[in-house]
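Good morning, everyone. I would like to take a few minutes to walk through the surroundings of a ligand, and then through a sheet.

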Amino acid sequence: MKLGFIGGGKMAAALIKGVLKSGICTPADVTVCDVHAPTAEKLRGETGVMIAASTAEVVGASEVIVLAVKPGDALAAIQGATSQQMESSMRWAWQGGGGKETKLLISIVAGLSIASLEKAAGDKLRIIRVMPNTPALVLAGASGFATGTQATDADAEIAQKIFGGVGLAVRVKESLLDAVTGLSGSGPAYVYTIIEALADGGVLMGLPRDLALQLAAKTVAGAAEMVMQTGMHPAALRDQVASPGGTTIAGIEALEAGGLRAALIAAVRVASQRSVALGATK
Ligand SMILES: NC(=O)c1ccc[n+]([C@@H]2O[C@H](COP(=O)([O-])OP(=O)(O)OC[C@H]3O[C@@H](n4cnc5c(N)ncnc54)[C@H](OP(=O)(O)O)[C@@H]3O)[C@@H](O)[C@H]2O)c1
């Protein structure tokens, strides 16, 4: 699959390395442009992907184009340059060089609605909006995606192939993507904080820092695997660890007193609300 990226920053790099690892694409299949030349060069050095000089070149070289710039840059990036000539050459490229097929645009831009993208790109463009997360880099991503008015079931399968190839990909209504953003889009940062805090606890109780970090990270990964592989409710799994009068229930009392559960629920809520607010400014 010929895959293009407009923007080669942190999320694009994670996705590119993930799709290369998963075998969905070879480096020769992937074309990237980034306005910040050192960012593109770093990506080429690390992965061997092709670097394009312009957005139009990426669109021309690719069947599927991933829009991976910051929200404030997104609409300008799609519309390309402001000059009439550039706009018409962009349109030509989006339409597959005059062929019948238009290209598929996959936007990973937080908060930018499909309606805004369709308005900016022209109503005919097939668009899929995805909220991925950075663990895609290690094929452990979690993404939600929604389809635009022109996108077909075959397009949804392409999104499923790319994002399912680098982790879990679920199709949702677009109205749920803000909640996906607040949970799994931002979620890795919450879990890194939890891992760091668990390790701090280990250090407080005498463990060397590197050992404490390894134990904390593996504990989080192992508990997540248990939830996914057994299909059991987390509360039932927790009850298996917490024996009467034992160490774990004492630790859980401290977590409840510290408000961990309420803090995580609030984190998802405020991050989702922030996604809605950012989208409203587009
Ligand atoms: N990071 C995450 O965990 C995450 C998770 C889910 C979704 N996302 C979404 O992914 C998108 C990218 O996020 P990021 O963290 O990867 O941002 P980033 O690291 O800042 O990468 C964006 C890159 O695109 C470049 N750029 C800006 N305008 C461009 C244009 N017109 N053409 C080509 N390149 C352009 C930027 O260059 P300059 O810096 O010079 O402007 C920057 O190098 C965002 O919309 C974000 O909402 C991110």
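Let me begin with a contact: a nitrogen atom of the ligand lies 3.3 Å from a backbone N or O atom of Val35, and by polar contact I mean a pair of N or O atoms within 3.5 Å. Lys70 also takes part, since an N or O atom in its side chain is 3.3 Å from an oxygen atom of the ligand, and a backbone N or O atom of Ala110 lies 3.0 Å from an oxygen atom of the ligand. On its own the ligand has 900 Å² of accessible area, of which the protein covers 78%, with areas taken from the Shrake-Rupley method and a 1.4 Å probe.

I should say early that this is a predicted model, in which local features need pLDDT of at least 70 and side-chain atom pairs count only at pLDDT 80 or more, while totals for chains, interfaces and linings use all residues. Residues are numbered from 1 along each chain as its sequence is written, and side-chain values use heavy atoms, with hydrogens and water left out.

Which residues are the closest to the ligand? They are Lys10, Met11, Asp34, Val69 and Ala110, among 22 residues that surround the ligand, where near means that a heavy atom of the residue lies within 4 Å. By class, this shell has 13 nonpolar, five polar and four charged residues, with Gly counted among the polar ones. The largest share of the shell, three residues, comes from H4, a helix being a DSSP run (H or I) of at least four residues and a strand one (E) of at least two, numbered from the N terminus.

Turning to the sheet, eight strands form an open sheet with mixed pairing, in the order S3-S2-S1-S4-S5-S6-S7-S8, and two strands pair if DSSP finds at least two bridges between them. At its edges are S3 (50-51) and S8 (167-171), each of which pairs on one side only. S7, residues 141-147, runs parallel to S8 and is joined to it by five bridges; Phe145, for instance, has Arg171 in S8 as its bridge partner.

Note on methods:
Polar contact = N/O pair within 3.5 Å; in protein donor to acceptor, adjacent residues only side chain to side chain.
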